[in-house]
Amino acid sequence: DDMALTPVSGSFVQVSVYYDNGCALSADGEVTCWGGMSSPSGQFRNISAGGTTSCGVLMDQSISCWDASGNPINDNVPAGTFSDVSVGGIAACAAATTGENQCWAIESYYWDATHADPPDIELSQVSAGGFHSCGIDTAQELTCWGENDSGQQEFTNGRYTKVDAGH
């Protein structure tokens, strides 16, 4: 089924897309979504679009997630302060500003404990994939966790500025 996505017009500082939807973040923290996802309320620092769930870091650095209708769904969402969040196929992960990095189930049917064990290091960015996740630490080194059946945790050492774990 081919679904044409028509993004909204405006000035944005971040965009995140998933299979049949997308969300964009304006400079003033407003989120505008299109396709199969409705816009949430609130002011955000960053966002990550997912299939049935999207999440973002609010201005107070807490995490807020919403469903396709834009309604808050904060079951399993960790408390604390975070600098980044990423929604993958079955899980979301967040980089903590203090304390422990967190991953939690978005699609609990496929969830197992290997997805819930991010490293206990300071991460500047996270990316949740299908059954694995990756992050970049403050020294710009890459680390990944979760499944490794297709070499998801095998990468070239070096300095990185952005990671996308895929789906």
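These legends accompany close-up views of a predicted model.

**Figure 1. Overview of an all-strand chain.**
The chain contains 12 strands and zero helices. Read from the N terminus, its elements therefore run β-β-β-β-β-β-β-β-β-β-β-β, each a strand by the run-based assignment. Of the 167 residues in the chain, 45% are buried. Among contacts with a separation of 6 or more, 36% are between residues 24 or more positions apart.

**Figure 2. The open sheet β1-β2-β3.**
Three strands form an open sheet in the order β1-β2-β3, and their pairing is antiparallel. β1 and β3 (31-35) are at the edges with a single partner strand each, so one side of each has no neighbour in the sheet. From one strand to the next, the twist averages 15°. β1 is joined to strand β2 (residues 21-25) by five bridges, and the two run antiparallel. One of the paired positions is Y18, whose bridge partner in β2 is N21. Strands of a sheet pair through backbone hydrogen bonds, in either a parallel or an antiparallel arrangement.

**Figure 3. Surroundings of S16 in strand β1.**
S16 belongs to strand β1 (residues 14-18). Its relative accessible area is 11%, which is under the 20% limit, and S16 therefore counts as buried. What does the side chain of S16 reach at 2.8 Å? The partner is the backbone nitrogen of A49. With neighbours within four places in sequence left aside, the contacts of S16 are G22, C23, I47, S48 and A49. G22 and C23, two of these contacts, fall within the residue range of β2 (residues 21-25).

**Figure 4. The largest pocket and its lining.**
The largest pocket has a volume of about 390 Å³. It is lined by 20 residues, and those closest to its centre are S16, S48, S86, S127 and D164. Which strands each supply at least two residues of the lining? They are β1, β4 (44-48), β7 and β10 (123-128). S16 thus appears in two views: as a residue close to the pocket centre, by the criterion for lining residues, and as a buried residue of the preceding figure. Rolling a probe the size of a water molecule over the atoms shows where empty space is left.

**Figure 5. The open sheet β7-β8-β9.**
A further open sheet of three strands is ordered β7-β8-β9, with antiparallel pairing. Its edge strands, β7 (82-87) and β9 (102-105), each pair on one side only. The twist from one strand to the next averages 15°. Strand β8 (residues 91-96) and β9 run antiparallel and are joined by four bridges. A92 is found opposite W104 in β9. The edge strand β7 also contributes at least two residues to the lining of the largest pocket.

**Figure 6. The hairpin of β10 and β11.**
β10 connects to β11 in a hairpin through three residues. The two strands run antiparallel, and five bridges join β10 to strand β11 (residues 132-137). V126 has G135 as its bridge partner in β11. Is β10 mainly enclosed or open? Five of its six residues are buried, so β10 is largely enclosed by the rest of the structure. β10 also supplies at least two residues of the lining of the largest pocket.

**Figure 7. W66 in strand β6.**
W66 is located in strand β6 (residues 63-67). The relative accessibility of W66 is 1%, and W66 is therefore classed as buried. A polar atom of the W66 side chain lies 3.4 Å from the backbone oxygen of S38. G50 and W66 are separated by 16 residues in sequence, and their C-alpha atoms are 9.7 Å apart in space.

**Figure 8. Two loop residues with positive phi.**
Most residues other than glycine have a negative phi. Q61 is not a glycine, yet its phi is positive, at about 75°. Q61 sits in the loop between β5 (53-58) and β6. With a relative accessible area of 25%, Q61 is partly exposed. N76, likewise a residue other than glycine, has a positive phi near 70°. N76 is in the loop between β6 and β7. Is N76 buried or exposed? Its relative accessible area is 54%, so N76 is exposed.

Note on methods
Residues numbered from 1 in each chain as written. Predicted model: local features only at pLDDT ≥ 70, side-chain atom pairs only at ≥ 80, totals over all residues. Heavy atoms only, no water. Pairing = 2+ DSSP bridges. Axes fitted to C-alpha atoms, helices over the stretch in contact; angles between N-to-C directions. Buried < 20%, exposed > 50% of the residue type's maximum accessible area, 1.4 Å probe, protein only. Polar contact = N/O pair within 3.5 Å; in protein donor to acceptor, adjacent residues only side chain to side chain. Contact = heavy atoms within 4.5 Å. 1 Å grid on protein atoms, 1.4 Å probe; cavity = no way out; pocket = protein on both sides within 12 Å on 5 of 7 lines; lining within 4 Å. Points joined across faces, edges and corners; volume = space filled by probe spheres on them.
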